[in-house]
Structure formats: C-alpha cells, structure tokens
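Hi,

Here is the structure I promised to pass on. Have a look at it first, and then read on for what turned up.

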Amino acid sequence: MKVDDEGHVDFNNDFHTTNGRGTFELNSIPHGNVRDIPPLRMILILNRNFDILPAIVKLNHEQAAAYFMLGETTGTSAGGISETGKALRIPGTNPFFPMDHASQGNRFINLLDNSPKVDVYLLNTGYIGGEENSKFSKKVTIDHSKKLIESLLKNELIWENDDDFGYQIVTSNSSPIDTTYTNPKELYRRSGRIAEYEEIKTKLILARKDFLSGFENLNKKIIQAI
C-alpha cells in the first residue's frame, strides 16, 4: 500500500509492504441500524502453529486472555526477511497498541468476565505434526476451518477436557474432520512419536509461561492459565 503526496491510497502497490491496513467509518458501507446488532456470543482467536495445537479448542476466560497475549503466529514475507518462517509471539493488537501491553490482557479478561455468555475459541491455521516441509505434517486448510466453524455455529461440536493443556478439544465422535486435526496427540501416537509430543508439550508450556511472565503488570491468573 502506498500513499502519494496528495493523499491518494494505492491499495495494489506493495512497494513498502504486502501487509497493509486500512480503516473506514461505519457509515461508509450500507448497513442497518447498528443498535439492532445482536449481542456478541463468540470470539475466534487465530494461532498459526505447526506441531501439537489442535485445529480448534475452546478456552475459559483466563486461557483466552493468555492466548490473546501470546499472539502466536509464523512470520511471513510481509514482516520482512528476518521474520519469514519464524515462530513469533506478538501480544494482542501489537503493534497498534501504544501503552503497556499487559493492560491489553487485563482488559480482555475483564471484558470477558463481564460477558459470561461469550465463548472464546482458538483456531490453528498452520500445521499439525510438524512444519511445512516435514513428512509428518498435515496442513490445517481453509476447508478444515470452515467445516469446524459451521459445526460450531450449528452447536454440533461436543467438548472434552484436554489433560495436557487444560483447554477443551472436540470429541472424536463429533469432529467433522479427521480427528488427528482436532486431537494432534493421536497423530503423534499413531506415528510412534509420543515421546516427541511430550517433549514439545513441556517446552511449549514453559516457553509460554516465561513469555507471559515478562509482562510485569499482567494479571497472574492469565499466566497460571497456561
């Protein structure tokens, strides 16, 4: 995206970056009365992972704030050569938040605690079982996510506790896609890599807690949720 000296925006120009942002006023698009919009019932947080995160999980409020703060993703060319392909953690709405990042997580959990009917889900848009070039990896495709969200909206998904991470995962009998996507531990077990799974789990939990602990003013419940 490039802006000329007269303020005209060329959204098709990627001279500076392929990752652009634009804002507009609500009254610039056709819509009905904004007061008729139904109450918020669901939040989806995206996470681009590549090993043991299911394609979808259900989070409690503390976990939701934690993963909002973790902001886990994989860098693309839009972030420059230094970020391409690297696992990143970028809190909440960074880089658009000018204050203490801990206040993002604290505000997020506060909003959720005052909105008890809102459910939060985490979606993995990356890979299961390994990175892109691994012979064991399986890509979570748009179609996978689409089927999961459709089942979610139809209230067809049944949830059970994941003992390793504390969040909830889809039961095998209610998953609309291959269950190795909704329960990666099964993929590692079937391929004789359960020891690798346990190692990844331990390192991941420690790394996440260490990252969140770096925010001095962050609500301790958020850190403990990992």
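A quick definition before anything else: a residue is called buried if its relative accessible area is under 20%, exposed if that value is over 50%, and partly exposed in between. Keep in mind too that this is a predicted model.

With that cut-off in hand, start with two phenylalanines: Phe68 and Phe108 are both buried, so each has a relative accessible area under 20%. I'll come back to this pair below.

**The overall picture**

The protein chain is built from seven helices and eleven strands. How does its radius of gyration sit with that of a compact globule? For 226 residues the globule value would be near 17 Å, and the chain comes out at 19 Å, which agrees. Along its principal axes, the C-alpha trace spans about 60 × 45 × 40 Å.

As for burial, 38% of the 226 residues count as buried. The chain exposes about 13700 Å², with carbon and sulfur atoms supplying 52% of that area. If you look at contacts with a separation of 6 or more, 63% of them come from residues 24 or more positions apart. On the charge side, there are 26 positive and 30 negative side chains, and the centres of the two sets lie 5 Å apart.

**The aromatics**

There are six aromatic pairs in the structure. Back to Phe68 and Phe108: their ring centres are 4.5 Å apart and the planes are at 15°, so this pair is stacked. What does the pair tie together? Phe68 belongs to helix H1 (residues 61-70) and Phe108 to helix H2 (residues 102-113), so the two rings join parts that are 40 residues apart in sequence.

Phe211 and Phe215 make another pair, with ring centres 5.3 Å apart and planes at 75°, so this one is edge-to-face. Are its two members buried or partly exposed? Phe211 has 22% relative accessibility and therefore counts as partly exposed, while Phe215, at 13%, is buried.

There is also a cluster to look for: ring pairs link Tyr67, Phe165 and Tyr167.

**Helix H3 and the loop after it**

Helix H3 covers residues 142-153, and Ser145 lies in it. Ser145 has a relative accessible area of 13%, so it is buried. Leaving aside neighbours within four places in sequence, Ser145 is in contact with Leu123 and Val140.

Leu152 is in H3 as well, and with a relative accessible area of 8% it is buried. Which residues does Leu152 touch, if you don't count those up to four places away in sequence? They are Met42, Leu44, Ile56, Tyr121, Leu157 and Trp159. Met42 is worth picking out on your screen: Leu152 and Met42 are 110 residues apart in sequence, yet their C-alpha atoms are 10.0 Å apart in space.

Asn155 sits in the loop between H3 and strand S10 (159-161). Its backbone is worth a look, as Asn155 has a positive phi of about 60° although it is not a glycine. At 67% relative accessibility, Asn155 counts as exposed.

**Two more places to click on**

Ser172 is in the loop between strand S11 (168-170) and helix H4 (179-182). With 57% relative accessibility, Ser172 counts as exposed. The C-alpha atoms of Ser172 and Ile158 are separated by 8.8 Å, with their positions 14 residues apart along the chain.

Asp119 is in strand S7 (residues 119-124). Is Asp119 exposed or partly exposed? At 29% relative accessibility, it counts as partly exposed. Not counting residues up to four places away in sequence, Asp119 touches Arg41, Met42, Ile43 and Lys58. Met42 therefore turns up in the contacts of Leu152 and of Asp119, with contact meaning heavy atoms within 4.5 Å. Asp119 and Leu40 are 79 residues apart along the chain, and their C-alpha atoms are separated by 9.1 Å.

Cheers

Terms used:
Residues numbered from 1 in each chain as written. Predicted model: local features only at pLDDT ≥ 70, side-chain atom pairs only at ≥ 80, totals over all residues. Heavy atoms only, no water. Helix = DSSP H or I, 4+ residues; strand = E, 2+ residues; numbered from the N terminus. Rg over C-alpha atoms; globule rule 2.2 N^0.38 Å. Buried < 20%, exposed > 50% of the residue type's maximum accessible area, 1.4 Å probe, protein only. Areas by Shrake-Rupley, 256 points an atom, 1.4 Å probe, with all protein chains shown as cover. Lys, Arg positive; Asp, Glu negative; His and termini not counted. Charge placed at Lys NZ, Arg CZ, Asp CG, Glu CD. Phe/Tyr/Trp six-rings, centres within 6.5 Å; stacked < 30°, edge-to-face > 60°.
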